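This report describes a single protein chain, going from one helix and its surroundings to the chain as a whole.

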Amino acid sequence: MITSISQLEITSKCNLRCVYCPQPSLVRPKDHMPEDVFERTLYWLAEFQQPLVHLHHFGESTMHPKFLEMVDRISDIVPDVRVSSNGVGVTREMVQGMKDAGLTMLALSIHRPEVVQKTAEYCIEVGLPYE
């Protein structure tokens with residue numbers, strides 16, 4: 001193990017433009033992580049026996065079209081998989097899918113209280129820890 005936590009950005013796309021976030025002004029392309037890069041990442045997560053992976057950074061992870069599949073694949077090799085989300089577009093079914101895929105905690109951004117409240121309620125309903 002090299003570190004106790006790995007932070008992973010599976011997309012640099014975001015569905016919001018928060019004034020405090022540098023994401024809109026980043027000059028790098030806004031795109032999803034290519035599958036071959038994800039496969040190499042899985043290899044290194046297993047190789048270094050990472051105990052915790054947190055999906056976040058400047059993208060909204062839930063926007064990746066293979067988000068739940070990626071969580072499921074990561075959780076096969078990493079015991080603690082977490083994600084940060086703004087909650088926009090997250091449904092009860094998606095929260096259930098997160099839990100079923102092996103997500104251990106959903107960290108909710110508080111910039112949209114009405115969205116966060118609803119997503120927190122979904123977490124309570126399905127039994128997925130959140131903060």
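A residue counts as buried when its relative accessible area is under 20% and as exposed when that area is over 50%. The model is predicted.

By these cut-offs, E93 and D100 of helix α3 are exposed. They lie on the other side of α3 from its buried residues. The helix covers residues 92-101, and its buried residues are V95, G97, M98 and A101. Seen down the axis of α3, these buried residues fall within an arc of 160 degrees, so they line one face of the helix. The cover over them includes α2 (67-75), β4 (105-108) and α4 (113-126). After α3 comes G102, which has a positive phi near 110 degrees.

The protein chain as a whole has four helices and four strands, and along the sequence they follow the pattern β-α-β-α-β-α-β-α. For 131 residues, a compact globule would have a radius of gyration near 14 Å, and the protein chain agrees with this at 14 Å. Of contacts between residues at least 6 apart in sequence, 71% join residues at least 24 apart.

Further values for the protein chain are listed below.

| Property | Value |
|---|---|
| Span of the C-alpha trace along its principal axes | about 40 × 40 × 25 Å |
| Share of the 131 residues that count as buried | 42% |
| Exposed area of the protein chain | about 7100 Å² |
| Share of the exposed area from carbon and sulfur atoms | 57% |
| Distance between the mean positions of the 12 positive and 17 negative charges | 6 Å |

Methods: Residues numbered from 1 in each chain as written. Predicted model: local features only at pLDDT ≥ 70, side-chain atom pairs only at ≥ 80, totals over all residues. Heavy atoms only, no water. Helix = DSSP H or I, 4+ residues; strand = E, 2+ residues; numbered from the N terminus. Rg over C-alpha atoms; globule rule 2.2 N^0.38 Å. Buried < 20%, exposed > 50% of the residue type's maximum accessible area, 1.4 Å probe, protein only. Contact = heavy atoms within 4.5 Å. Areas by Shrake-Rupley, 256 points an atom, 1.4 Å probe, with all protein chains shown as cover. Lys, Arg positive; Asp, Glu negative; His and termini not counted. Charge placed at Lys NZ, Arg CZ, Asp CG, Glu CD. Arc of directions from axis to C-beta.
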